[in-house]
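Q: Hi! I have a new structure open and would like to talk it through with you. Could you help me find my way around?

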Amino acid sequence: MIYTTQRRSDIVLFGKQHISNGWFNFTQFKNRRHKPVKLAIPIHPILADIIEKSPCGDLTLLVTEFNKPFTSNGFGNWFRKRCNEAGLLHCSAHGLRKAAAARLADRGASEHQIMSMTGHTTSKEVTRHTKAARQILLAKAAVAIFDNDAIDD
């Protein structure tokens with residue numbers, strides 16, 4: 001989830017049929033009937049390695065212990081249990097989407113670059129997810145300006 005920035009409703013539908021030449025090509029599940037958002041996102045090398053080394057289902061990459069596709073809620077519940085077992089009570093599947101957007105912002109990605117990954121059509125939600133990371137990045141850049149200009153103080 002961290003390398004795709006997608007919702008769990010999309011992640012549970014991803015299958016090998018969505019992969020072509022190192023890219024995921026898919027229509028996001030949310031708003032698919034009203035205002036579909038089609039995305040093509042490159043598959044990060046770490047994610048490609050994980051997919052290659054993991055047991056996958058026929059039509060979905062993620063499968064239950066019974067080799068059946070997850071439902072969105074089923075995956076959310078499974079993920080919640082794994083977080084609880086790890087003592088990460090504050091974590092969730094949706095939190096990874098937010099974390100991915102924040103990580104991109106932290107590394108200097110523009111809102112439009114982040115939107116190209118998340119599929120958001122306006123910057124409102126991206127701004128909400130990345131506000132803290134963006135503030136830190138901007139503050140670092142602002143302090144660096146002091147080094148670029150002579151200050152008469």
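A: Happy to! One term to begin with: helices and strands here are DSSP runs, numbered from the N terminus, with at least four residues for a helix and at least two for a strand. Keep in mind too that this is a predicted model.

Q: Good to know. In what pattern do the helices and strands follow each other along the sequence?

A: The protein chain reads α-β-β-β-α-α-α-α-α. That makes six helices and three strands.

Q: And what does the C-alpha trace span along its principal axes?

A: The C-alpha trace spans about 70 × 35 × 30 Å. The chain has 153 residues, and 29% of them count as buried.

Q: Let's look at the strands. How many bridges join β1 to β2?

A: Two bridges join them, and the strands run antiparallel. β1 covers residues 19–20, and β2 covers residues 23–27. One of the bridges pairs Ser20 with Trp23 in β2.

Q: What do β1 and β2 form together?

A: A hairpin, with two residues between the strands. Asn21 sits in the turn and has a positive phi of about 50 degrees.

Q: OK, and which way does β3 pair with β2, parallel or antiparallel?

A: Antiparallel, over five bridges, with β3 made of residues 38–42. Within this pairing, Leu39 in β3 stands opposite Phe26.

Q: Back to β2 for a second. Which of its side chains are buried?

A: Phe24 and Phe26 are, and they point to one face of the strand. Trp23, Asn25 and Thr27 point to the other face and are not buried, so the side chains alternate along β2.

Q: Nice. Changing topic: how much space lies in the largest pocket?

A: About 510 Å³. Its lining is made of 21 residues, and Met1, Ile11, Leu47, Ile50 and Leu62 lie nearest the centre.

Q: Which helix gives the most to that lining?

A: α3 does, with five residues. Both α2 (45–53) and α3 (72–85) supply at least two residues of the lining.

Q: What classes of residue are in there?

A: The lining of the largest pocket has 18 nonpolar, two polar and one charged residues.

Q: And the second largest pocket, how much space is in that?

A: About 290 Å³. It is lined by 15 residues, and those closest to its centre are Arg7, Lys30, Asn31, His120 and Thr121. Two elements, α4 (93–106) and α6 (123–148), give two or more residues to this lining.

Q: Which of them gives the most?

A: That is α6, with three residues.

Q: How do the residues of this lining divide by class?

A: There are one nonpolar, eight polar and six charged residues in the lining of the second largest pocket.

Q: Last topic, cysteines. How many disulfides does the structure hold?

A: Zero. Cys83 is in no disulfide, and the nearest cysteine sulfur, that of Cys91, is 5.2 Å away.

Q: Why doesn't that pair count as a disulfide?

A: Because a disulfide needs the two sulfur atoms within 2.5 Å. For Cys91 too, the nearest cysteine sulfur is that of Cys83, 5.2 Å away.

Q: What about their surroundings: is Cys83 buried or exposed?

A: Cys83 counts as buried because its relative accessibility is 6%, and the cut-off for buried is under 20%. Cys91 is partly exposed, with a relative accessible area of 23%.

Definitions and conventions. Residues numbered from 1 in each chain as written. Predicted model: local features only at pLDDT ≥ 70, side-chain atom pairs only at ≥ 80, totals over all residues. Heavy atoms only, no water. Buried < 20%, exposed > 50% of the residue type's maximum accessible area, 1.4 Å probe, protein only. Pairing = 2+ DSSP bridges. 1 Å grid on protein atoms, 1.4 Å probe; cavity = no way out; pocket = protein on both sides within 12 Å on 5 of 7 lines; lining within 4 Å. Points joined across faces, edges and corners; volume = space filled by probe spheres on them. Nonpolar A, V, L, I, M, F, W, Y, C, P; charged D, E, K, R; others polar.
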